[in-house]
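Colleague: I am new to this one. Could you show it to me and let me ask how the labels were reached?

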Amino acid sequence: MHALLLYPLYALLGYLGVMLSCFGLHAYVPGCPPVIGFVARCLSAYLSLIACAVYGTIACMVLRVFNLHYKYGQWTTAKAFKWVCRYTIGVTFEIQGNGDQILSRKRPYVIVANHQTELDILFLGAIWPQHCSVTAKKSLQRIPFLGWFMTLSGAVFIDRVDRSQALKAFEGAATAMRELRQSVLIFPEGTRSYSRKPMLLPFKKGAFHLAVQAGVDVLPIVAENYSRVLDVKGLRFNSGVIRVKVLDPVSTKGLGATDVNKLCDDTRNNMLAALEAMAKDPDSQSKAKAQ
């Protein structure tokens, strides 16, 4: 039994050894292939995610005792991940202008954001307000610690295969938004784009149906294209600062189901315009101190 308990420790030490070796090679060996840095930061990011998921699971168990998990559960875990990753992978998402004020000005919102890569978990860490939950595919619920944390913190799991179950999940989210004044964050693209250019995939309309059903504003948030920091296809992962712009809230007052298509299209057009504007801004390159 004693030997069995040592196996996880040996595995962790091996993981750390590989990770630190890759960081050392990337930093100090001239001509080292960029893929070594990619592996180093990926290993560091996954370890940071697991550590914060463990923290989040414990934090949510405590918060549920005081019925505060809806307010602080995902918020405290998101902020922990934000600050941990600032030092473990050297990447920061930075909200521009008065974005923080807009996020905290009122609630609830249906927050919609663009979805580029797995690094968007850190994007969420930067923008996450209190009293907010996230929608996620149902398969994530089965992942140890991450799924446990999301379940305990009140995440809305969507079954993409079973439309009736997905509709029930959105109905539950609308009820929570009305009764608990709980915001919900959704990636309307539905999947990651992995694009090297500023673009958006077609939007799914679930987020906009939810906003109309709950009678709350849509809040669009855009992270600039950050392929210079993380390019999954090119196996490149650098440190850097990634800008985030919070757009003006879009009211759904007086809108019905027949208005959802226009609401979706208008929101997507505004987000795409903001994404393209940030790409044209020369400051976008100086902000990312790639290594």
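Modeller: Gladly, and keep in mind that this is a predicted model. Let us begin with a pair of side chains: those of glutamate 224 and arginine 243 come together in a salt bridge, at 3.3 Å from N to O.

Colleague: What makes glutamate 224 and arginine 243 a tie between parts that are apart in sequence?

Modeller: Glutamate 224 sits in the loop between β6 (217–223) and β7 (230–231), while arginine 243 belongs to strand β9 (residues 240–246), so the pair ties together parts 19 residues apart in sequence. Both residues are buried.

Colleague: Why is the contact between glutamate 224 and arginine 228 called a salt bridge?

Modeller: The rule asks for a side-chain nitrogen of Lys or Arg within 4 Å of a carboxyl oxygen of Asp or Glu. Here the N to O distance is 3.1 Å, so the pair qualifies under that cut-off. In general, side chains of opposite charge can pair when their charged atoms come close.

Colleague: Are those two buried or exposed, and how do you know?

Modeller: Buried means under 20% relative accessible area. Glutamate 224 has 2%, so it counts as buried. Arginine 228 has 15%, so arginine 228 counts as buried too.

Colleague: Which residues are linked with Glu224 in a network of salt bridges?

Modeller: The network links Glu224, Arg228, Arg243 and Asp281. By the salt bridge rule, the count comes to 7. One of the salt bridges joins the side chains of arginine 236 and aspartate 231, at 3.7 Å from N to O.

Colleague: Why is arginine 236 called partly exposed, and what about aspartate 231?

Modeller: Partly exposed covers the range between 20% and 50%. Arginine 236 has a relative accessible area of 31%, so it falls in that range. Aspartate 231 has 5%, which means that it is buried.

Colleague: Let us turn to the helices. Why are α2 and α3 called roughly antiparallel?

Modeller: Helix α2 (residues 34–65) and helix α3 (residues 69–88) pack at an angle of about 155°, with their axes 9 Å apart. Angles over 145 degrees count as roughly antiparallel, so α2 and α3 earn that name. Their crossing is right-handed.

Colleague: And what makes isoleucine 58 exposed?

Modeller: Isoleucine 58, which lies in helix α2, has a relative accessible area of 52%. Exposed means over 50%, so the label applies. Ile58 also joins Val62, Val65, Phe66 and Leu68 in a nonpolar patch on the surface, with about 500 Å² of accessible area together.

Colleague: How do you know that helix α5 is mostly covered?

Modeller: In helix α5 (residues 120–127), 7 of its 8 residues are buried. The buried residues are Asp120, Leu122, Phe123, Leu124, Gly125, Ala126 and Ile127.

Colleague: What is said about phi at arginine 181?

Modeller: Arginine 181 has a positive phi of about 55° although it is not a glycine. Most residues other than glycine have a negative phi. Arginine 181 is found in the loop between α7 (163–180) and β5 (183–186). With a relative accessible area of 40%, it lies between 20% and 50% and is therefore partly exposed.

Colleague: Where is tyrosine 194, and what is its phi?

Modeller: Tyrosine 194 is in the loop between β5 and α8 (206–214), and its phi is near 55°, a positive value in a residue other than glycine. At 24% relative accessibility, tyrosine 194 counts as partly exposed because that value falls between 20% and 50%.

Notes:
Residues numbered from 1 in each chain as written. Predicted model: local features only at pLDDT ≥ 70, side-chain atom pairs only at ≥ 80, totals over all residues. Heavy atoms only, no water. Patch = residues over 30% accessible without salt bridge, like charges linked within 9 Å, V, L, I, M, F, W, Y side chains within 5 Å. Areas by Shrake-Rupley, 256 points an atom, 1.4 Å probe, with all protein chains shown as cover. Helix = DSSP H or I, 4+ residues; strand = E, 2+ residues; numbered from the N terminus. Buried < 20%, exposed > 50% of the residue type's maximum accessible area, 1.4 Å probe, protein only. Axes fitted to C-alpha atoms, helices over the stretch in contact; angles between N-to-C directions. Parallel < 35°, antiparallel > 145°, perpendicular 65-115°, else oblique. Left-handed = near helix turned anticlockwise from the far one by under 90°.
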